[in-house]
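Open your viewer, switch to a cartoon view and keep the selection tool handy. We will walk from one part of the model to the next, picking residues as we go.

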Amino acid sequence: MATPHDAGDLTLVGRSGEHSFIDQPGRRTSPSSSSAEVGMAEAAPVAADPPLLARSYRIVNVGADAFAFTDLTRTALGGVQNRQFRLFTPVKRERMRLPTSLPEFAGLRHVANLSDSPVTVAAEIGGHWSEHNLAAITHVAACNFRCAYCYVDFRHLSGQDAFLAAAADVVDEFVKLRQAAGNAGRRLSLLRISGGEPFLAPALVLGIYRQMLRRDLLDVAVLKVESNLSTLPYALEQSRLTLTPDERGSLRRVKVHTTLHAPPGTTSWPAIRRGLETAMELGFDVFPAVGANDWTTEQLEQLFGELQAVNTALPLRLAVRPFHLDYPVLADRRGLPTPRESEAPSMIWERILLERLGVRYLERPRHLVPVE
């Protein structure tokens, strides 16, 4: 595991718990830096860039149980409760985020963005999905990708405005939020690790899982990880993390929602596929997705073969999202095409599923597709 004193990678400046980072040799970035100044960034995924991957790993993994998170009070993100967490409503009809794998929303499956975390939570711990429509999200402070449609300001993908916390600290804050939500008549049953890229720090993910298990929180809440997965093999090797046999058998309780940010045939795809294979081998409950406005029919057909080769369940678990986004931070770097409804990528994917498997897109909820 990298130390916090590697020259040119990470410098901590003690000032009221805040930190500034050096993410490239000889250049300090500060909270006032613009996205353009922070740089390190292309508009497309850059998983094939080993220096950026290594640098991002060192930013997040600061000590034996110290990880860098973005101070959410220093961001423009909504629902911020404190520096560790913001609250988010997964299903929101006016934003067209809907559980379109359910019969009552199936007619919108080619129009709305699939948002099925509450459905998965209900299946895991009981109740109706509408009882679980609240998530607490924490953001790790670095990422090895720079995607045009990312809703996080790029400077918060390279260690800007970060603070340090241990896995236990994260769970402590989640418990406090659960209590506050309960006092207000709301049920908080989803802890979501986002970023940045959480699997730059698999020890963090496992640490939070262990903390939730010890505190019996997994009976009342679900741990979800949002990841591009391209970092997982590298980070596992660097951290030398070990899992007990019992943990390997129970990691399906961790829901990994992975957006595949680059199609087969691109330089980033091999790292993404290796990460997907690793996540499946470890036993995580994996739910893949693509933001497919700029994917061609040929690429989606190639993706079917790639996913089926990893696990036959994955093509049926794939969410094909149009990414009709209007986040303010995207205004100057979005540039994705908006397809007409007749060209919706999910309709192309449905045609592929019908031809190959004889089933329709989201014919049943994704969590009901068994992983063998």
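Select strand 5 and strand 8 (residues 135-139) to begin: three bridges join them, and the two strands run antiparallel. To see one pairing up close, pick F88, whose bridge partner in strand 8 is A135. As you look around, remember that this is a predicted model.

**The seven-stranded sheet**

Now widen the selection. Strand 5 and strand 8 belong to an open sheet of seven strands, with the order 5-8-10-11-12-13-14 and mixed pairing. Which strands stand at the edges? They are strand 5 (86-88) and strand 14 (319-321); each has a single partner strand, so one side of each is left without a neighbour in the sheet. Look along the sheet and you can follow its twist, which averages 25° from one strand to the next.

A word on what holds such strands together: strands of a sheet pair through backbone hydrogen bonds, either parallel or antiparallel.

Next, select strand 10 (residues 190-194) and strand 11, which pair in the parallel sense over four bridges. Here L190 stands opposite V222 of strand 11. Then add helix 5 (residues 202-214), which packs on the sheet and touches strand 10, strand 11 and strand 12 (254-259). The direction of helix 5 makes about 170° with that of strand 11.

**A lysine in strand 11**

Stay with strand 11 (residues 222-227). Five of its six residues are buried, so this strand is largely enclosed by the rest of the structure. Zoom in on K224, which is found in strand 11. Is K224 buried or exposed? Its relative accessibility is 7%, and buried means under 20%, so K224 counts as buried.

What surrounds it? Leaving aside neighbours within four places in sequence, K224 is in contact with S117, L190, L191, R192, I193, K255 and H257. Try the distance tool on R192: its C-alpha lies 4.7 Å from that of K224, although the two are 32 residues apart in sequence.

**The three-stranded sheet**

Move on to another open sheet, this one of three strands, with the order 3-4-9 and antiparallel pairing. Strand 3 (61-63) and strand 9 (162-165) stand at its edges, each with a single partner strand, so one side of each has no neighbour in the sheet. Neighbouring strands here are turned by 40° against each other on average, direction ignored. Select strand 3 with strand 4 (residues 66-70) to find two bridges between them, and look for N61 opposite F67 of strand 4.

**Helices that cross**

Helix 2 lies across strand 3 and strand 4, running at about 40° to strand 3. Now show helix 2 (residues 50-60) together with helix 6 (residues 232-239): their axes come within 11 Å and cross at roughly 55°. That makes helix 2 oblique to helix 6, and the crossing is right-handed. Show side chains for L53, A54 and Y57 of helix 2 and for Y234, A235, Q238 and S239 of helix 6, which make the contact. By class, these are five nonpolar, two polar and no charged residues.

For the last stop, select helix 9 (residues 297-310) and helix 11 (residues 345-356), whose axes come within 10 Å and cross at roughly 50°. Helix 9 is therefore oblique to helix 11, and this crossing is right-handed. Among the residues that meet here are F304 and L307 in helix 9 and W349 and I352 in helix 11. By class, the contact has nine nonpolar, one polar and three charged residues.

Notes. Residues are numbered from 1 along each chain as its sequence is written. This is a predicted model: local features need pLDDT of at least 70, side-chain atom pairs count only at pLDDT 80 or more; totals for chains, interfaces and linings use all residues. Side-chain values use heavy atoms; hydrogens and water are left out. Axes are lines fitted to C-alpha atoms, for helices over the stretch in contact, and angles run from 0 to 180 degrees between N-to-C directions. Angles under 35 degrees count as roughly parallel, over 145 as roughly antiparallel, 65 to 115 as roughly perpendicular and the rest as oblique. A crossing is left-handed if the near helix is turned anticlockwise from the far one by less than a right angle, and right-handed if clockwise. Contact means heavy atoms within 4.5 Å. Ala, Val, Leu, Ile, Met, Phe, Trp, Tyr, Cys and Pro count as nonpolar, Asp, Glu, Lys and Arg as charged, and the others, Gly among them, as polar. Buried means under 20% relative accessible area, exposed over 50%, partly exposed in between (1.4 Å probe, protein chains only). Two strands pair if DSSP finds at least two bridges between them.
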